[in-house]
Amino acid sequence: MCRLKFSYAVPAGLLAAAIVFTGCAANDKGGNAAATESGAAAANGGTVTETPAADTAAADFTAATEQYRAYVIEQCDAFVKETEHFTEAVKAGKLEEAQGLYAPARMYYERIEPIAEALGDLDPNIDARENDVAAADWRGFHKIEKALWQDQTTKGMAETADQLLKDAQLLRAKVETVEIDASLLVTGAVELLNEVSSSKVTGEEERYSHTDLYDFVANVEGAQKIYELLKPELAKKDAELEKTIGERFAALHAELAPFKSGEGYVSYEALKEEEVRKLSQNLDALAEPLSNMGTILGV
Amino acid sequence: MSKQNKPMDEHIQNGSLLGKKLNRRDMLRLTGASGLGLLLGGSAIGGIMGTRENTPSSAVALDNTGGDIIPFHGSHQAGILTPAQNFLVFAAFDLTTVKLPEVRKLLESWTTAAASLTSGKLIGDANDNLNLPPSDTGEADGLQPSRCTLTFGAGPSLFDARYGLAALRPAQLADLPPFAGDSLDPKWCRGDLCVQACADDLQVAFHAIRNLARIARGIAVLRWTQEGFQRTGAADPKGSTPRNLLGFKDGTGNPEVSDNAEMDRVVWNSSSDGPAWMAGGTYMAVRRVRLRIEVWDRSSLSDQEATFGRHRKTGAPIGATDEFAELDLKVQDKSGKPLVPPDSHSALAHGDGTVKMLRRSYSYSSGLDPVTGQLDAGLLFISFQRDLLKQFIATQQRLAASDRLNEYMVHTGSAVFACFPGIREGGYIGQSLLG
């Protein structure tokens, strides 16, 4: 079990440092501290800025972190299962079925994306877009996306499909060992919304399938899960902030609602310029107060 | 030299200035206004493109230190009579909330932030907490206040059905009527609220708008912004008349800001002018005027001068040699034609000489027009007046109808705002309206 050790506001890039693989469930406190410290030092140009977590004694995040771990594993299980359906359709040459399974399967991944991003090469292997990696290394969902939508075929994708399923299974195995603490939750929630701001809102994520709204919604849901878990502590520390975040989630969902279509969402291409802008502004309106959830980590 | 200046000149000449405790701002204003002899005459009245000096911009040249603080609190808002700073970042906001208490909360939060921003202090109290994003974005940390002013106003749309304020809308606060030749793009028009940020440092001005927009998230969003500049004090230490992007001296006919009675006549609303909440406030007209500079650059000097009615080099009326010579529209050449063409910008802006407004415009450059590959550059015209109809609209109708300059410009943006009365210590922006 993991308790908060350091009250860093850990930048996204440092998630890797905050997530530590341990061979067993036991904590190697010294090791964790060192990893986090050196990460922060690098980000600050070598200056170690350490804040002992003395003031956080009152806050107990045990329940929240354990529940989040359970959520991550649950999402991961579903992700593997849905990816399997998807890759089977690809290999069976069922173009339309594969197209239909693509976006819903990805949502399980998008809800826990920062966790996956922290796990080394897994994120690029699963989720790299065409120009994110060298052409020879490109694999994963978006390679198949290009075939399914641009080339309108499943041909030549069998190997990529097999590899994708293996990568998904590897992710499921590795998340078991991820150590989760409160600062990871806080940072992860903001990171999920930043994902939306920087690639989903612009329509760059799903450039062939235009299923960006699925990713958009999943990222928001992933952030909301964290907010729900931290809500009791947040309400104690800053009730107004807790209320504001809740209202802004509701406002964003209301803004997204008209774009629902059946079980899924309309093509991102169907959105008008001003609709995209409004979604983006609602997202910013939510992310701003959400980024202050770190207040529960003590001063 | 106008009659208002003489006492000041004598003041300085007598040396009595030294005996009085004047603050730095007074000193700047006095020297800017009369020590350098740059004041307007009584004749030239401002149009969109003035051609002669105004007091505010001349004073700019004298302030190179960037260290001055312009008080945020007072009976009128700063950034109106304040001598024009080097840079402008103008922002129009749209409210996204439908709740009046949230609008009030935003203006209260902006008030607190504005007091910090204009005095060079960091916003908020979470600037050292490692667990939180800093409450101030930090790019102005350690910079001088740079005479930063923030001026707030309400657009006509604030008084629509959303907030129950319709009964408080001043009759004159409405979208400007269409003017001949307008080519307005909605993306440069209107706004529920505006903030005019001016400073002698562009980063300081940008920082202010950026942070106010951040504070507004969830309540209001940026609708449009425009950065503006004029020549800096450092580039023109003598404080001579600034030139617009057409190369002509600009800033004509502004009334004297140190003349309180004149400001009460031209700029400030009195309690009898309209709704009581506007007493001490003023109306702002904003026009984004794109200049067809490529076309202008191909016209002969004589055409350019006939367009303005003035000589380019000196700024003097055509036929005169002194920049500050009276604009005499009756002077004729040998063939009996007026030397200053009646449809020149100066002649039309002058009109019958009775209508004044306080102009505080900045040049802008916003990259390329992707369609033509030409520069999108021009003027962000800003004027303050007590009465939009009698002052700005009357003048602009005259200019739009026949100004020779119209060939070289197109109005692409338009907005009007009611600038709130000054903010007293402990009060908040717009308090007289929102209670």
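What percentage of the 435 residues in chain B is buried? Buried residues account for 57% of them. Keep that figure in mind as you look around, and remember that you are viewing a predicted model.

**Stop 1: chain B as a whole**

Select chain B and switch to a cartoon view. You will find 12 helices and nine strands there. Now show its surface: the accessible area of chain B is about 17,300 Å², and carbon and sulfur atoms hold 53% of it. Taking contacts in chain B between residues at least 6 apart in sequence, 80% link residues at least 24 apart.

**Stop 2: chain A as a whole**

Next, select chain A. This chain has 12 helices and two strands. Colour it along the sequence and you can follow the order α-α-α-α-α-α-α-α-α-α-α-β-β-α. Chain A has 299 residues, and 54% of them are buried. Its accessible surface is about 12,700 Å², with 50% belonging to carbon and sulfur atoms. Of the contacts in chain A between residues at least 6 apart in sequence, 78% bring together residues at least 24 apart.

**Stop 3: α9 against α12**

Select residues 182-200 of chain A, which form helix α9, together with residues 273-290, which form helix α12. Their axes lie 10 Å apart, and the helices pack at an angle of about 155 degrees. Because an angle over 145 degrees counts as roughly antiparallel, α9(A) is roughly antiparallel to α12(A). The crossing of these two helices is left-handed.

Show side chains to see who takes part. From α9(A) come A189(A), V190(A), L193(A), V196(A) and S197(A), while α12(A) supplies L283(A), D284(A), L286(A), A287(A) and L290(A). Sorted by class, this contact has eight nonpolar residues, one polar and one charged.

**Stop 4: α10 against α12**

Keep α12(A) selected and add residues 212-237 of chain A, helix α10. How do the axes of α10 and α12 cross, and within what distance do they come? They cross at roughly 20 degrees and come within 13 Å. The two helices are therefore roughly parallel to each other. Their crossing is left-handed.

On the α10(A) side, pick out L213(A), F216(A), V220(A), A223(A) and Y227(A); they meet L279(A), L283(A) and L290(A) of α12(A). This contact divides into eight nonpolar residues, with no polar and no charged ones. You have seen L283(A) and L290(A) before, in the contact with α9(A).

**Stop 5: α3 against α7**

Now move to another pair in chain A: helix α3, residues 62-91, and helix α7, residues 141-150. Their axes come within 12 Å and cross at roughly 35 degrees. Here α3(A) passes α7(A) in a left-handed crossing. Display F79(A), T83(A), F86(A) and V90(A) from α3(A), and then F141(A), I144(A) and L148(A) from α7(A), to see the contact. By class, six of these residues are nonpolar, one is polar and none is charged.

**Stop 6: G294 of chain A**

For the last stop, select G294(A), which sits in the segment after α12 of chain A. Is G294(A) buried or exposed? Its relative accessibility is 0%, so G294(A) counts as buried. Leaving aside residues up to four places away in sequence, G294(A) touches V186(A), N131(B) and L132(B). Finally, try a distance label between the C-alpha atoms of G294(A) and C76(A): the two are 26 Å apart in space and 218 residues apart in sequence.

Technical notes:
Residues numbered from 1 in each chain as written. Chains lettered and ligands numbered in written order. Predicted model: local features only at pLDDT ≥ 70, side-chain atom pairs only at ≥ 80, totals over all residues. Heavy atoms only, no water. Helix = DSSP H or I, 4+ residues; strand = E, 2+ residues; numbered from the N terminus. Buried < 20%, exposed > 50% of the residue type's maximum accessible area, 1.4 Å probe, protein only. Contact = heavy atoms within 4.5 Å. Areas by Shrake-Rupley, 256 points an atom, 1.4 Å probe, with all protein chains shown as cover. Axes fitted to C-alpha atoms, helices over the stretch in contact; angles between N-to-C directions. Parallel < 35°, antiparallel > 145°, perpendicular 65-115°, else oblique. Left-handed = near helix turned anticlockwise from the far one by under 90°. Nonpolar A, V, L, I, M, F, W, Y, C, P; charged D, E, K, R; others polar.
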